[in-house]
There are 2 protein chains.
Amino acid sequence: MDDALSQTSDPEEVEARLAMPLSEAMLTQRSVRRVDPGPVEDRTVLRCIELALQAPTASNAQNWEFIVVKDQAVKAALAAQYRRIWAIYATLGRWRSRAARDDREQRVMRSVAWQVKHFEQIPVLVVCCLRRGPWPPLLPKPPLLASSHYGSIYPSAQNLLLAARSVGLGGALVTLPLWSTTLARRALRLPLNVEPCCIVTLGWPKGRYGPKPRRPVGSVAHLDQYGNRPWDGPA
Amino acid sequence: MDDALSQTSDPEEVEARLAMPLSEAMLTQRSVRRVDPGPVEDRTVLRCIELALQAPTASNAQNWEFIVVKDQAVKAALAAQYRRIWAIYATLGRWRSRAARDDREQRVMRSVAWQVKHFEQIPVLVVCCLRRGPWPPLLPKPPLLASSHYGSIYPSAQNLLLAARSVGLGGALVTLPLWSTTLARRALRLPLNVEPCCIVTLGWPKGRYGPKPRRPVGSVAHLDQYGNRPWDGPA
(Lines give C-alpha, C1' and ligand atoms only; values in the text may rest on other atoms or scores of the structure.)
Protein backbone atom coordinates (compact mmCIF):
# COMPACT_ATOMS: atom_id res chain seq x y z
CA MET A 1 0.00 0.00 0.00
CA ASP A 2 3.07 2.19 -0.22
CA ASP A 3 2.46 4.85 -2.81
CA ALA A 4 3.21 8.41 -3.78
CA LEU A 5 0.42 10.02 -5.76
CA SER A 6 1.40 12.63 -8.30
CA GLN A 7 0.49 16.28 -7.82
CA THR A 8 -2.84 17.30 -9.30
CA SER A 9 -4.99 20.39 -9.50
CA ASP A 10 -7.84 18.74 -11.42
CA PRO A 11 -11.03 18.81 -9.28
CA GLU A 12 -12.35 15.61 -10.86
CA GLU A 13 -9.13 13.79 -10.10
CA VAL A 14 -9.23 15.14 -6.52
CA GLU A 15 -12.79 13.88 -6.13
CA ALA A 16 -11.86 10.47 -7.53
CA ARG A 17 -8.99 10.20 -5.07
CA LEU A 18 -11.30 11.13 -2.17
CA ALA A 19 -13.19 7.92 -2.95
CA MET A 20 -10.23 5.89 -1.64
CA PRO A 21 -11.43 2.96 0.49
CA LEU A 22 -11.80 4.17 4.10
CA SER A 23 -9.69 1.36 5.59
CA GLU A 24 -6.88 1.98 3.09
CA ALA A 25 -6.84 5.71 3.88
CA MET A 26 -6.63 4.97 7.61
CA LEU A 27 -4.05 2.19 7.32
CA THR A 28 -1.71 4.29 5.16
CA GLN A 29 -2.19 7.63 6.93
CA ARG A 30 0.92 8.91 8.62
CA SER A 31 2.53 12.24 9.44
CA VAL A 32 4.16 13.42 6.21
CA ARG A 33 6.24 16.40 7.31
CA ARG A 34 8.69 16.68 4.41
CA VAL A 35 6.76 18.44 1.65
CA ASP A 36 7.49 20.30 -1.55
CA PRO A 37 7.35 24.12 -1.30
CA GLY A 38 5.25 24.28 -4.49
CA PRO A 39 1.67 25.58 -4.21
CA VAL A 40 -1.46 23.58 -3.46
CA GLU A 41 -4.68 24.71 -5.17
CA ASP A 42 -7.04 26.61 -2.85
CA ARG A 43 -9.89 24.54 -4.28
CA THR A 44 -8.23 21.32 -3.11
CA VAL A 45 -7.57 22.70 0.37
CA LEU A 46 -11.16 23.94 0.63
CA ARG A 47 -12.55 20.59 -0.46
CA CYS A 48 -10.55 18.90 2.31
CA ILE A 49 -11.82 21.45 4.86
CA GLU A 50 -15.36 20.87 3.58
CA LEU A 51 -14.95 17.20 4.50
CA ALA A 52 -13.45 18.21 7.86
CA LEU A 53 -16.75 20.01 8.55
CA GLN A 54 -18.54 16.67 8.34
CA ALA A 55 -17.10 15.62 11.72
CA PRO A 56 -19.16 15.89 14.92
CA THR A 57 -18.94 18.73 17.46
CA ALA A 58 -20.14 18.81 21.07
CA SER A 59 -23.85 19.78 21.16
CA ASN A 60 -23.58 20.09 17.36
CA ALA A 61 -22.24 23.62 17.91
CA GLN A 62 -20.09 23.62 14.72
CA ASN A 63 -18.09 26.32 16.51
CA TRP A 64 -15.00 25.91 14.34
CA GLU A 65 -12.99 28.33 12.21
CA PHE A 66 -10.14 27.38 9.87
CA ILE A 67 -7.39 29.85 9.02
CA VAL A 68 -5.67 28.88 5.76
CA VAL A 69 -2.21 30.43 6.10
CA LYS A 70 -0.17 31.03 2.93
CA ASP A 71 1.25 34.48 3.75
CA GLN A 72 5.01 34.45 4.45
CA ALA A 73 4.85 36.94 7.33
CA VAL A 74 2.15 34.99 9.17
CA LYS A 75 4.02 31.73 8.60
CA ALA A 76 7.23 33.34 9.88
CA ALA A 77 5.52 34.45 13.10
CA LEU A 78 4.31 30.90 13.77
CA ALA A 79 7.69 29.43 12.74
CA ALA A 80 9.51 31.69 15.22
CA GLN A 81 7.38 30.32 18.05
CA TYR A 82 7.84 26.76 16.84
CA ARG A 83 11.65 27.19 16.90
CA ARG A 84 11.62 28.67 20.37
CA ILE A 85 9.64 25.85 21.97
CA TRP A 86 11.23 23.13 19.82
CA ALA A 87 14.67 24.05 21.20
CA ILE A 88 13.41 22.95 24.63
CA TYR A 89 11.56 19.88 23.40
CA ALA A 90 14.43 18.66 21.25
CA THR A 91 16.82 18.83 24.17
CA LEU A 92 14.44 16.90 26.41
CA GLY A 93 13.72 14.48 23.58
CA ARG A 94 17.41 13.81 22.97
CA TRP A 95 17.88 12.95 26.65
CA ARG A 96 14.86 10.66 26.63
CA SER A 97 15.63 8.84 23.41
CA ARG A 98 19.33 8.46 24.20
CA ALA A 99 18.26 6.82 27.44
CA ALA A 100 15.76 4.63 25.61
CA ARG A 101 17.98 4.07 22.53
CA ASP A 102 14.79 4.32 20.57
CA ASP A 103 15.58 4.47 16.83
CA ARG A 104 11.99 5.09 15.82
CA GLU A 105 11.68 8.02 18.19
CA GLN A 106 14.92 9.49 16.84
CA ARG A 107 13.58 9.21 13.28
CA VAL A 108 10.44 11.09 14.32
CA MET A 109 12.63 13.75 16.00
CA ARG A 110 14.65 14.19 12.78
CA SER A 111 11.46 14.51 10.75
CA VAL A 112 10.07 17.13 13.13
CA ALA A 113 13.44 18.94 13.09
CA TRP A 114 13.14 19.16 9.28
CA GLN A 115 9.65 20.59 9.66
CA VAL A 116 10.79 23.17 12.22
CA LYS A 117 13.63 24.29 9.95
CA HIS A 118 11.46 24.54 6.82
CA PHE A 119 8.20 25.71 8.39
CA GLU A 120 7.90 28.86 6.25
CA GLN A 121 8.31 26.77 3.09
CA ILE A 122 5.33 24.54 3.82
CA PRO A 123 2.78 25.80 1.28
CA VAL A 124 -0.33 25.71 3.48
CA LEU A 125 -0.89 25.76 7.23
CA VAL A 126 -4.49 25.18 8.26
CA VAL A 127 -4.95 26.55 11.78
CA CYS A 128 -7.96 24.81 13.34
CA CYS A 129 -9.74 27.06 15.85
CA LEU A 130 -12.72 26.89 18.20
CA ARG A 131 -15.05 29.66 19.16
CA ARG A 132 -15.71 29.38 22.89
CA GLY A 133 -19.32 28.79 23.78
CA PRO A 134 -21.03 30.56 26.64
CA TRP A 135 -20.57 28.60 29.86
CA PRO A 136 -23.17 29.48 32.51
CA PRO A 137 -21.09 31.38 35.08
CA LEU A 138 -22.80 29.87 38.15
CA LEU A 139 -22.40 26.21 37.22
CA PRO A 140 -19.19 24.43 38.28
CA LYS A 141 -16.99 23.44 35.35
CA PRO A 142 -16.65 19.65 35.35
CA PRO A 143 -13.11 18.35 34.68
CA LEU A 144 -14.49 16.79 31.52
CA LEU A 145 -15.26 20.17 30.01
CA ALA A 146 -11.80 20.48 28.46
CA SER A 147 -12.09 17.05 26.88
CA SER A 148 -15.51 17.82 25.48
CA HIS A 149 -14.25 21.20 24.21
CA TYR A 150 -11.30 19.81 22.24
CA GLY A 151 -13.54 16.95 21.16
CA SER A 152 -15.16 19.53 18.89
CA ILE A 153 -12.04 20.20 16.83
CA TYR A 154 -9.86 17.08 16.65
CA PRO A 155 -12.42 14.87 14.89
CA SER A 156 -12.49 17.49 12.11
CA ALA A 157 -8.67 17.73 12.10
CA GLN A 158 -8.58 13.96 11.62
CA ASN A 159 -11.05 14.20 8.72
CA LEU A 160 -8.79 16.86 7.20
CA LEU A 161 -5.74 14.59 7.55
CA LEU A 162 -7.57 11.60 6.07
CA ALA A 163 -8.88 13.70 3.18
CA ALA A 164 -5.36 15.04 2.55
CA ARG A 165 -3.96 11.52 2.61
CA SER A 166 -6.47 10.24 0.08
CA VAL A 167 -5.85 13.20 -2.24
CA GLY A 168 -2.11 12.43 -1.96
CA LEU A 169 -1.23 15.59 -0.02
CA GLY A 170 1.30 15.29 2.79
CA GLY A 171 -0.28 16.28 6.08
CA ALA A 172 0.79 16.44 9.70
CA LEU A 173 -0.82 17.56 12.95
CA VAL A 174 1.19 20.04 15.07
CA THR A 175 0.43 22.13 18.13
CA LEU A 176 3.83 23.51 19.20
CA PRO A 177 3.76 26.59 16.86
CA LEU A 178 0.67 27.71 18.83
CA TRP A 179 2.44 27.32 22.15
CA SER A 180 1.79 30.95 23.09
CA THR A 181 -1.86 31.47 22.24
CA THR A 182 -1.31 35.21 22.76
CA LEU A 183 1.34 35.43 20.03
CA ALA A 184 -0.63 33.10 17.75
CA ARG A 185 -3.75 35.24 18.22
CA ARG A 186 -1.78 38.34 17.27
CA ALA A 187 -0.30 36.74 14.12
CA LEU A 188 -3.68 35.40 13.01
CA ARG A 189 -5.69 38.41 14.25
CA LEU A 190 -7.96 36.08 16.19
CA PRO A 191 -10.55 37.66 18.48
CA LEU A 192 -10.31 36.65 22.14
CA ASN A 193 -13.24 34.25 21.89
CA VAL A 194 -11.53 32.24 19.11
CA GLU A 195 -8.92 29.78 20.35
CA PRO A 196 -6.22 28.35 18.07
CA CYS A 197 -6.08 24.60 18.84
CA CYS A 198 -3.84 22.87 16.31
CA ILE A 199 -2.34 23.16 12.83
CA VAL A 200 -2.62 20.75 9.93
CA THR A 201 0.35 21.30 7.59
CA LEU A 202 -0.32 20.57 3.92
CA GLY A 203 1.89 20.20 0.85
CA TRP A 204 2.70 17.76 -1.91
CA PRO A 205 4.83 15.10 -0.25
CA LYS A 206 8.52 14.41 -0.61
CA GLY A 207 8.02 11.38 1.63
CA ARG A 208 5.59 8.55 1.13
CA TYR A 209 2.46 7.30 2.82
CA GLY A 210 2.36 3.74 4.02
CA PRO A 211 1.80 1.43 6.96
CA LYS A 212 3.21 2.32 10.36
CA PRO A 213 3.96 0.34 13.54
CA ARG A 214 1.11 0.11 16.04
CA ARG A 215 0.48 -1.76 19.28
CA PRO A 216 -1.74 -4.81 18.68
CA VAL A 217 -5.41 -4.05 19.38
CA GLY A 218 -5.60 -6.77 22.05
CA SER A 219 -3.06 -4.92 24.18
CA VAL A 220 -5.08 -1.70 24.34
CA ALA A 221 -8.63 -3.12 24.39
CA HIS A 222 -10.01 -4.02 27.82
CA LEU A 223 -13.35 -5.75 28.46
CA ASP A 224 -15.67 -3.94 30.92
CA GLN A 225 -12.89 -2.89 33.31
CA TYR A 226 -9.30 -1.81 33.03
CA GLY A 227 -6.79 -4.64 33.06
CA ASN A 228 -9.19 -7.29 31.76
CA ARG A 229 -7.67 -8.03 28.34
CA PRO A 230 -9.30 -11.20 26.94
CA TRP A 231 -8.20 -10.33 23.39
CA ASP A 232 -4.51 -9.96 24.21
CA GLY A 233 -2.16 -12.54 22.74
CA PRO A 234 -2.00 -14.38 19.41
CA ALA A 235 -5.20 -14.03 17.36
CA MET B 1 -26.59 8.32 0.03
CA ASP B 2 -29.27 7.57 2.61
CA ASP B 3 -28.99 3.94 3.57
CA ALA B 4 -29.43 1.47 6.39
CA LEU B 5 -27.06 -1.48 6.11
CA SER B 6 -28.27 -4.80 7.43
CA GLN B 7 -26.69 -6.37 10.52
CA THR B 8 -23.77 -8.65 9.82
CA SER B 9 -21.28 -10.73 11.80
CA ASP B 10 -19.36 -11.97 8.75
CA PRO B 11 -15.74 -10.70 8.92
CA GLU B 12 -15.41 -10.65 5.11
CA GLU B 13 -18.56 -8.57 4.78
CA VAL B 14 -17.29 -6.22 7.52
CA GLU B 15 -13.98 -5.83 5.67
CA ALA B 16 -15.79 -5.17 2.39
CA ARG B 17 -17.90 -2.47 4.03
CA LEU B 18 -14.77 -0.85 5.51
CA ALA B 19 -13.70 -0.21 1.93
CA MET B 20 -16.48 2.40 1.58
CA PRO B 21 -15.23 5.48 -0.28
CA LEU B 22 -13.72 7.88 2.27
CA SER B 23 -15.76 10.89 1.12
CA GLU B 24 -19.00 8.90 1.27
CA ALA B 25 -18.23 7.72 4.82
CA MET B 26 -17.56 11.29 5.93
CA LEU B 27 -20.53 12.84 4.12
CA THR B 28 -22.99 10.34 5.57
CA GLN B 29 -21.54 10.09 9.08
CA ARG B 30 -23.83 11.37 11.76
CA SER B 31 -24.60 10.65 15.39
CA VAL B 32 -26.84 7.60 15.39
CA ARG B 33 -28.05 7.36 18.98
CA ARG B 34 -31.12 5.15 18.57
CA VAL B 35 -29.75 1.62 18.31
CA ASP B 36 -31.02 -1.92 18.64
CA PRO B 37 -30.23 -3.64 21.98
CA GLY B 38 -29.05 -6.78 20.12
CA PRO B 39 -25.38 -7.74 20.39
CA VAL B 40 -22.51 -6.62 18.17
CA GLU B 41 -19.74 -9.14 17.50
CA ASP B 42 -16.57 -8.49 19.53
CA ARG B 43 -14.59 -9.13 16.35
CA THR B 44 -16.35 -6.26 14.59
CA VAL B 45 -15.81 -3.88 17.52
CA LEU B 46 -12.12 -4.84 17.73
CA ARG B 47 -11.64 -4.33 14.00
CA CYS B 48 -13.05 -0.80 14.34
CA ILE B 49 -10.75 -0.11 17.32
CA GLU B 50 -7.83 -1.46 15.30
CA LEU B 51 -8.54 1.22 12.70
CA ALA B 52 -8.90 3.81 15.48
CA LEU B 53 -5.31 2.98 16.44
CA GLN B 54 -4.20 4.19 13.01
CA ALA B 55 -4.81 7.81 14.03
CA PRO B 56 -1.96 10.08 15.14
CA THR B 57 -1.04 10.85 18.77
CA ALA B 58 1.10 13.70 20.14
CA SER B 59 4.79 12.71 20.00
CA ASN B 60 3.56 9.36 18.64
CA ALA B 61 2.98 8.27 22.25
CA GLN B 62 0.09 5.91 21.38
CA ASN B 63 -0.91 6.38 25.03
CA TRP B 64 -4.49 5.24 24.54
CA GLU B 65 -6.59 2.53 26.17
CA PHE B 66 -10.08 1.46 25.08
CA ILE B 67 -12.54 -0.06 27.54
CA VAL B 68 -15.20 -2.08 25.72
CA VAL B 69 -18.14 -2.02 28.11
CA LYS B 70 -20.83 -4.68 27.74
CA ASP B 71 -21.43 -5.49 31.42
CA GLN B 72 -24.81 -4.28 32.73
CA ALA B 73 -23.49 -3.11 36.11
CA VAL B 74 -20.74 -0.99 34.55
CA LYS B 75 -23.18 0.45 32.01
CA ALA B 76 -25.64 1.24 34.83
CA ALA B 77 -22.97 3.16 36.77
CA LEU B 78 -22.21 5.31 33.72
CA ALA B 79 -25.91 5.70 32.90
CA ALA B 80 -26.63 6.98 36.44
CA GLN B 81 -24.05 9.73 35.98
CA TYR B 82 -25.38 10.55 32.53
CA ARG B 83 -28.91 10.98 33.93
CA ARG B 84 -27.73 13.20 36.75
CA ILE B 85 -25.85 15.67 34.54
CA TRP B 86 -28.37 15.44 31.70
CA ALA B 87 -31.12 16.69 34.00
CA ILE B 88 -29.18 19.96 34.29
CA TYR B 89 -28.25 20.17 30.61
CA ALA B 90 -31.73 19.41 29.36
CA THR B 91 -33.18 22.18 31.47
CA LEU B 92 -30.61 24.69 30.19
CA GLY B 93 -31.08 23.38 26.65
CA ARG B 94 -34.85 23.79 26.80
CA TRP B 95 -34.46 27.41 27.85
CA ARG B 96 -31.97 28.07 25.09
CA SER B 97 -33.85 26.37 22.29
CA ARG B 98 -37.20 27.80 23.32
CA ALA B 99 -35.60 31.21 23.08
CA ALA B 100 -34.06 30.36 19.71
CA ARG B 101 -37.07 28.33 18.47
CA ASP B 102 -34.52 26.04 16.91
CA ASP B 103 -36.24 22.91 15.59
CA ARG B 104 -33.00 21.17 14.71
CA GLU B 105 -31.59 21.67 18.20
CA GLN B 106 -34.81 20.31 19.69
CA ARG B 107 -34.54 17.20 17.49
CA VAL B 108 -30.99 16.64 18.74
CA MET B 109 -32.21 17.09 22.33
CA ARG B 110 -34.92 14.46 21.80
CA SER B 111 -32.39 12.07 20.31
CA VAL B 112 -30.01 12.56 23.25
CA ALA B 113 -32.94 12.16 25.66
CA TRP B 114 -33.64 8.76 24.05
CA GLN B 115 -29.99 7.80 24.52
CA VAL B 116 -30.00 8.89 28.17
CA LYS B 117 -33.13 6.84 28.86
CA HIS B 118 -31.87 3.71 27.09
CA PHE B 119 -28.16 3.96 27.91
CA GLU B 120 -27.95 0.51 29.56
CA GLN B 121 -29.53 -1.06 26.47
CA ILE B 122 -26.84 0.18 24.09
CA PRO B 123 -24.92 -3.03 23.35
CA VAL B 124 -21.38 -1.60 23.41
CA LEU B 125 -19.82 1.49 25.00
CA VAL B 126 -16.22 2.08 24.01
CA VAL B 127 -14.62 4.32 26.63
CA CYS B 128 -11.61 6.05 25.05
CA CYS B 129 -8.89 6.78 27.61
CA LEU B 130 -5.46 8.40 27.72
CA ARG B 131 -2.53 7.47 29.89
CA ARG B 132 -0.99 10.69 31.15
CA GLY B 133 2.59 11.22 30.06
CA PRO B 134 5.25 12.53 32.42
CA TRP B 135 5.39 16.33 32.32
CA PRO B 136 8.71 17.73 33.58
CA PRO B 137 7.73 19.31 36.92
CA LEU B 138 9.95 22.41 36.55
CA LEU B 139 8.77 23.49 33.09
CA PRO B 140 5.74 25.80 32.89
CA LYS B 141 2.70 24.13 31.33
CA PRO B 142 1.77 26.04 28.18
CA PRO B 143 -1.98 26.67 27.75
CA LEU B 144 -1.78 24.53 24.64
CA LEU B 145 -0.93 21.41 26.63
CA ALA B 146 -4.58 20.49 27.13
CA SER B 147 -5.28 20.80 23.41
CA SER B 148 -2.28 18.68 22.52
CA HIS B 149 -3.28 16.12 25.18
CA TYR B 150 -6.83 15.60 23.89
CA GLY B 151 -5.46 15.75 20.36
CA SER B 152 -4.11 12.27 21.11
CA ILE B 153 -7.52 10.67 21.60
CA TYR B 154 -10.14 12.42 19.43
CA PRO B 155 -8.53 11.61 16.07
CA SER B 156 -8.80 7.93 17.05
CA ALA B 157 -12.38 8.41 18.26
CA GLN B 158 -13.20 9.91 14.86
CA ASN B 159 -11.60 6.93 13.10
CA LEU B 160 -13.74 4.66 15.29
CA LEU B 161 -16.89 6.58 14.34
CA LEU B 162 -16.04 6.52 10.62
CA ALA B 163 -15.23 2.80 10.76
CA ALA B 164 -18.53 2.14 12.56
CA ARG B 165 -20.39 4.20 9.98
CA SER B 166 -18.90 2.27 7.06
CA VAL B 167 -19.66 -1.09 8.70
CA GLY B 168 -23.24 0.13 9.18
CA LEU B 169 -23.06 0.35 12.98
CA GLY B 170 -24.74 3.27 14.67
CA GLY B 171 -22.22 5.33 16.57
CA ALA B 172 -22.21 8.52 18.62
CA LEU B 173 -19.64 10.46 20.62
CA VAL B 174 -20.59 11.35 24.21
CA THR B 175 -18.72 12.78 27.17
CA LEU B 176 -21.43 13.54 29.74
CA PRO B 177 -21.52 10.01 31.29
CA LEU B 178 -17.88 10.63 32.30
CA TRP B 179 -18.73 13.93 33.95
CA SER B 180 -17.29 12.83 37.28
CA THR B 181 -13.97 11.26 36.36
CA THR B 182 -13.76 9.92 39.93
CA LEU B 183 -16.98 7.91 39.60
CA ALA B 184 -16.09 6.82 36.06
CA ARG B 185 -12.65 5.66 37.25
CA ARG B 186 -14.31 3.62 39.99
CA ALA B 187 -16.80 1.97 37.61
CA LEU B 188 -14.10 1.16 35.06
CA ARG B 189 -11.38 0.39 37.65
CA LEU B 190 -9.08 2.85 35.92
CA PRO B 191 -5.75 3.60 37.60
CA LEU B 192 -5.14 7.27 38.47
CA ASN B 193 -2.82 7.79 35.50
CA VAL B 194 -5.50 6.70 33.01
CA GLU B 195 -8.04 9.37 32.15
CA PRO B 196 -11.45 8.58 30.65
CA CYS B 197 -11.96 11.14 27.84
CA CYS B 198 -15.04 10.19 25.83
CA ILE B 199 -17.35 7.32 24.92
CA VAL B 200 -18.25 6.00 21.48
CA THR B 201 -21.60 4.21 21.69
CA LEU B 202 -22.09 1.35 19.24
CA GLY B 203 -25.06 -0.72 18.13
CA TRP B 204 -26.95 -1.73 15.04
CA PRO B 205 -28.97 1.36 14.09
CA LYS B 206 -32.66 1.99 14.33
CA GLY B 207 -32.06 5.33 12.63
CA ARG B 208 -30.33 5.93 9.33
CA TYR B 209 -27.11 7.48 8.19
CA GLY B 210 -27.25 10.28 5.67
CA PRO B 211 -26.28 13.84 4.88
CA LYS B 212 -26.58 16.53 7.55
CA PRO B 213 -26.75 20.32 7.49
CA ARG B 214 -23.41 22.12 7.66
CA ARG B 215 -22.25 25.70 7.36
CA PRO B 216 -20.77 26.38 3.88
CA VAL B 217 -16.99 26.01 3.87
CA GLY B 218 -16.50 29.61 2.71
CA SER B 219 -18.07 30.90 5.91
CA VAL B 220 -15.58 29.11 8.20
CA ALA B 221 -12.42 29.30 6.05
CA HIS B 222 -10.33 32.46 6.45
CA LEU B 223 -7.26 33.34 4.37
CA ASP B 224 -4.12 34.16 6.40
CA GLN B 225 -5.95 36.10 9.10
CA TYR B 226 -9.27 35.90 10.86
CA GLY B 227 -12.09 37.75 9.14
CA ASN B 228 -10.57 37.58 5.65
CA ARG B 229 -13.05 35.27 3.88
CA PRO B 230 -12.39 35.40 0.13
CA TRP B 231 -14.24 32.12 -0.43
CA ASP B 232 -17.47 33.22 1.24
CA GLY B 233 -20.52 33.66 -0.96
CA PRO B 234 -21.84 31.79 -4.01
CA ALA B 235 -19.29 29.37 -5.49
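Copies here are superposed by least squares on the C-alpha atoms of residues with pLDDT of at least 70 in both. Keep in mind that this is a predicted model.

**View 1. Chain A laid on chain B.** Give chain A a turn of 180 degrees and a shift of 0.0 Å along the axis, and chain A can be laid on chain B with an RMSD of 0.0 Å. The two copies are thus related as by a two-fold rotation axis. Both copies use the same surface, too: 100% of the contact residues of chain A turn up again in chain B.

**View 2. Where chain A meets chain B.** Each chain puts residues into the contact: 72 from chain A and 72 from chain B. On the side of chain A that touches chain B, helix α7 (residues 154–167) of chain A gives the largest share, with 7 residues. Sorted by class, that side of chain A holds 47 nonpolar, 17 polar and 8 charged residues.

**View 3. A strand pair between the chains.** Here strand β5 (residues 221–223) of chain A lines up with strand β1 (residues 64–69) of chain B, and they pair in the parallel sense over 3 bridges. Pick out A:A221 and look across to β1(B): its bridge partner there is B:F66.

**View 4. The two sides of helix α8 of chain A.** Helix α8 (residues 181–188) of chain A has A:A184, A:A187 and A:L188 as its buried residues. Looking down the axis of α8(A), you'd find these buried residues within an arc of 85 degrees, so they line one face of the helix. Flip to the other side of α8(A) and A:T182 and A:R186 are exposed. Right after α8(A) comes A:R189, with a positive phi near 50 degrees.

Conventions. Residues are numbered from 1 along each chain as its sequence is written. Chains are lettered from A and ligands numbered from 1 in the order in which they are written. This is a predicted model: local features need pLDDT of at least 70, side-chain atom pairs count only at pLDDT 80 or more; totals for chains, interfaces and linings use all residues. Two residues are in contact if their C-beta atoms, placed from the backbone, lie within 7 Å. Helices (H or I, at least four residues) and strands (E, at least two) are DSSP runs, numbered from the N terminus. Ala, Val, Leu, Ile, Met, Phe, Trp, Tyr, Cys and Pro count as nonpolar, Asp, Glu, Lys and Arg as charged, and the others, Gly among them, as polar. Two strands pair if DSSP finds at least two bridges between them. A residue is buried if 20 or more other C-beta atoms lie within 10 Å of its own, exposed if 12 or fewer, and partly exposed in between; C-beta atoms are placed from the backbone. The arc is that of the directions from the helix axis to the C-beta atoms.
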